[in-house]
Amino acid sequence: QVQLVESGGGLVQPGGSLRLSCAASGRDFSLYAMGWYRQPPGKQREFIASITSASSSHYQESLKARFTISRDNNLNTVYLQMNSLEPEDTAVYYCHVEDLRAGAAVRDYWGQGTQVTVSS
């Protein structure tokens, strides 16, 4: 059973930084991409970034300059470093794990979400 435990959310002032963590358990995640999505208030969930165990990463282009994804394969943990935060970054941030194996019965797993609020 895949479990994803997120941490690191909270309240931060505009211009500040936060680092989110997501620890995964229950599988060998070497063939899984790990990443982050967010859902601002009243809006749809949107992709932020993902990274494979080989450290191949993809970003939403508009966030690439301020957000950095990384991964510790030994700890099965993915991180999201967020810098120069803006009020528009306020959202619930979700950890996402994708099974990349062909024919996987369940492809997507989600964390419970962690709130990030950017406000003075």
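**A buried disulfide and an aromatic cluster**

At 0% relative accessibility, Cys95 counts as buried in this predicted model. Its partner is Cys22: a disulfide joins the two, with 2.1 Å from S to S. Cys22 is buried as well, its relative accessible area also coming out at 0%. That is the one disulfide the structure holds. In general terms, such a link is a covalent bond between the sulfur atoms of two cysteines. Here the torsion about the S-S bond of Cys22 and Cys95 is about -80°, so the disulfide is left-handed. As for where the two ends sit, Cys22 belongs to strand 3 (residues 18-25) and Cys95 to strand 9 (residues 91-99), which puts them 73 residues apart and makes this a link between distant parts of the chain.

Turning to the rings, the count of aromatic pairs comes to three. One of them brings Tyr37 and Phe47 together in an edge-to-face arrangement, 5.5 Å centre to centre and with 75° between the planes. Tyr37 lies in strand 4 (residues 32-39) and Phe47 in strand 5 (residues 46-51), so this pair ties together parts of the chain that are ten residues apart in sequence. Neither ring belongs to a buried residue: Tyr37 is partly exposed at 21% relative accessibility, and Phe47 is partly exposed at 27%. For Tyr37, the label follows from a cut-off, because buried means under 20% relative accessible area and Tyr37 has 21%.

Tyr37 also pairs with Trp110, again edge-to-face, at 4.9 Å centre to centre and 70° between the planes. This contact reaches across the sequence, from Tyr37 in strand 4 to Trp110 in strand 10 (residues 108-110), and the two residues are 73 apart. Trp110 is partly exposed too, with a relative accessibility of 38%. Put together, Tyr37, Phe47 and Trp110 make up one aromatic cluster.

An arginine comes into the picture at Trp110. The charged end of Arg45 sits over the ring of Trp110, 4.6 Å from its centre. The charged end of Arg45 also sits over the ring of Tyr94, in this case 3.7 Å from the ring centre. Arg45 therefore has its charge over two rings, because a charge counts as over a ring if CZ of Arg is within 6 Å of the ring centre and within 35 degrees of the ring normal, and both Tyr94 and Trp110 qualify.

Technical notes:
Residues are numbered from 1 along each chain as its sequence is written. This is a predicted model: local features need pLDDT of at least 70, side-chain atom pairs count only at pLDDT 80 or more; totals for chains, interfaces and linings use all residues. Side-chain values use heavy atoms; hydrogens and water are left out. Rings of Phe, Tyr and Trp (its six-membered ring) pair if their centres lie within 6.5 Å; planes under 30 degrees apart count as stacked, over 60 as edge-to-face and the rest as tilted. Helices (H or I, at least four residues) and strands (E, at least two) are DSSP runs, numbered from the N terminus. Buried means under 20% relative accessible area, exposed over 50%, partly exposed in between (1.4 Å probe, protein chains only). A disulfide is a pair of cysteine sulfur atoms within 2.5 Å.
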